[in-house]
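Got the viewer open? Let's take a walk through this one, one selection at a time.

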Amino acid sequence: MPENPSVSFTGASRYVLDEELAAIVNISMALEMPLLLKGEPGTGKTMLAHAIAENLGMPLIVLNVKSSMKLVDALYQYDTLTRLNDSRFGDSDRNVSDIEAYIKMGKIGQAFTADRRTVLLIDEIDKADTDFQDDMLDVLDQMEFDIIEIDKTVPTKHRPVIIVTSNAKKDLSDPFLGRCNFHHIAFPDPKMMRKIIQVHFPDIDSALMESAVETFYRLRELEGVEKRPATRELINWIRALRADLDFKPKQLSRGEVPFLGVLFKKSQDYQRASSVVHRRKLF
Amino acid sequence: MFIDFFYTLKDSGVPVSPTAFLTLHRALKTGLIGSLSEFYTAARSILVKSERYFDRYDQVFAHTFAGAELPDLEGLELDEMARGLLEEWLRNPREMADALGIDEEELQRLTPEELLDYFKARLKDQEGEHHGGNRWIGTGGTSPVGHSGYHPGGMRVGGVSRNKSAVKVALDRRYRDYSLSGPLKASMMNEALKRLRHLVPTGPRDQVNVDATIYQTMKNGGEIEIVFDRDLKDRLKVILAIDNGGWSMDPYVQMVQTLFDYARAQFKDLKTFYFHNTVYDALWKDPSRYKQPVRLEELTRYDPATRLVLVGDASMAPYELMAREGSIYIQERSGDPSLRRLQLLAETFDKAVWLNPVPQSRWDYTQTISIIRDIFPMFELSIDGLEDMVTHLMSKTTS
């Protein structure tokens, strides 16, 4: 929003933002273009949208994309069954001949028709068919959509801040990419990770943090692991370590790694990790 | 402004569009970009749409704004190959010298850079004239070699650097990892194979068909009649035949394993068979290819709509494919050359494909790959290849 330079994104209480990403978010907001975020799971793609909403004081609307989803579902729903029911029994106060009374806004529709500017998070768009992206092009371009049943066009009242996330390594369709700004969030380096942990556990013991982060990055580097532990796993793991009264940070540097199951969720990965840990090969 | 930058990006193979370039100028107008490092991030997020090109972008940026040396991007692949050669050379100079037919002494006087140039020149020569054979070129090319550390003199990387942070960042080339195509994982296979489905209504009628319900209700004059449909289920039949024999498939075992795991979880009606190099009399149900042979004639009785996917590197001695008694196993003597058997399979199943873990760029160097490609449409075992394969398998027309 160039006319209001005071609205810019600087970070939020539970989210550690690097400068690069902040600049990109601000540029995308200024250009009113959707921002497409890619990156490994656990790099905070989804969290970013929450942080923007919190920071700018805008309501957040989340569209969790599912594999079977059609774009229309995200825009609006025409509740035919209720209408049918009303027409049969006629015991509701809705006017059966007014189709609009049976139109419910989907998540995108809600963001478009909201009374104030919102943050719209379209999460994991790669889950849906490519048709979904293609259909969305027009909507993003025109910032409006048609409700076919009542032949009405719904324009945006306030252009939402749109964040799109994708997990897949595969690229999205070219025309779609053309309408987005793009950023790839790299996995945080240890320095960044310490900051993130600090945000989540302000009172954390520095010895615990050091050894936990070190062990974590070593475990991440194990070969042949399908799902490498990410930030979420690390935070849960530290929570577990702190809850265990018998645990001392020194154990980690001695090669004793408790609660491996918090870090590795796939049984093969778990076996792989625990065998390495047991053989003390980690250190 | 920055037109040169834009065109250098384009020439370096980063797909940039004029629209994005205009958007960049719109961004410049907002006044949000006040420094080179802000320009670096903004331009990247607007112009570059995939992390695969971040590394290229970094290089071009460093080149444009700090005069760093731009690597010969056209010969990038050649570059990697030449590096492979260099590595080989350092490990075993004599063998290399013999293979190339040059004097070891003479080469030893060259610096690593000169050596690289020399190898590159040799490789360029070869591209035109030399086909098949020399394995060490192929295998050498795939080994990822770092920039420095294998010669006491070290290698120059990156070029000039100045005290500008964005340029420094660009010179760091943090995104190098992403520019290589990553290993194939189950989740990525899922992505590619998702469309490989053949939905047929099955099971109990428990889904409300709204359209039909409305229609029937209207017909009944408002008396509600709810119409139920059966659920759609995937009824696709797939035969997966895997080449699991011999050392030539070894480098790809992991990849094929992933594909197999995925397929087993995904398809209800999946039959897996094994073979070695190519198909003769039978395919085997057991991975050791010993106990449970299934004769090809039996396969011809399967539903012809079944999708047949053969997975293998299709690399073998030509006689294994063409000769009547070609099999390297003594017990496999059918009297038909393997070529005929493959044709039989291709005729039986309309939708049969060959999935090859060998990168497509190297297919032309192996004779048997070319021959098999004439029989089956061949696809590379990569995300893009899998996608093309699915498109082919699901297309209506027969090829």
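Here is the tour, stop by stop. Keep in mind that you are looking at a predicted model.

**Stop 1: the sheet in chain A.** Select the strands β2, β5, β8, β1 and β9 of chain A, in that order: they make up an open sheet of 5 strands with parallel pairing. The edges are β2 (60-64) and β9 (181-185) of chain A, each of which pairs on one side only. Look along the sheet and you'll find a twist that averages 20 degrees from one strand to the next.

**Stop 2: inside that sheet.** Now zoom in on β5 (residues 119-123) and β8 (residues 161-166) of chain A, which run parallel and are joined by 4 bridges. Which residue of β8(A) does Ile122(A) stand opposite? Show side chains and you'll see that the partner is Val164(A). While the side chains are on, remember that in a regular strand they alternate between the two faces of the sheet.

**Stop 3: a hairpin.** Move to residues 144-147 and 152-155 of chain A. These are β6 and β7, paired in the antiparallel sense over 4 bridges. Pick out Asp146(A), and opposite, in β7(A), is Thr153(A). The two strands form a hairpin with 4 residues between them. In the turn, click on Asp151(A), with its positive phi of about 50 degrees.

**Stop 4: two helices of chain A.** Select α8 (residues 190-200) and α9 (residues 206-220) of chain A. Their axes lie 11 Å apart and the helices pack at an angle of about 130 degrees, which makes α8(A) oblique to α9(A). The crossing is right-handed. To see the contact, show Pro190(A), Met193(A), Arg194(A) and Ile197(A) on α8(A), then Met209(A), Val213(A) and Tyr217(A) on α9(A).

**Stop 5: over to chain B.** Select α1 (residues 3-11) of chain B and color Phe5(B), Phe6(B) and Leu9(B), the buried residues of this helix. Why do they sit on the same side of α1(B)? Because they cover an arc of only 100 degrees around the axis. More broadly, an α-helix has 3.6 residues a turn, so residues three or four places apart point the same way.

Turn to the face away from the buried side and you'll meet the exposed residues Ile3(B), Asp4(B) and Asp11(B). Then bring up α2 (18-29), α3 (36-47) and α4 (54-66) of chain B, which are among what covers the buried residues of α1(B). For the last click, take Gly13(B), which follows α1(B) and has a positive phi, near 95 degrees.

Methods. Residues are numbered from 1 along each chain as its sequence is written. Chains are lettered from A and ligands numbered from 1 in the order in which they are written. This is a predicted model: local features need pLDDT of at least 70, side-chain atom pairs count only at pLDDT 80 or more; totals for chains, interfaces and linings use all residues. Two strands pair if DSSP finds at least two bridges between them. A residue is buried if 20 or more other C-beta atoms lie within 10 Å of its own, exposed if 12 or fewer, and partly exposed in between; C-beta atoms are placed from the backbone. The arc is that of the directions from the helix axis to the C-beta atoms. Two residues are in contact if their C-beta atoms, placed from the backbone, lie within 7 Å. Axes are lines fitted to C-alpha atoms, for helices over the stretch in contact, and angles run from 0 to 180 degrees between N-to-C directions. Angles under 35 degrees count as roughly parallel, over 145 as roughly antiparallel, 65 to 115 as roughly perpendicular and the rest as oblique. A crossing is left-handed if the near helix is turned anticlockwise from the far one by less than a right angle, and right-handed if clockwise.
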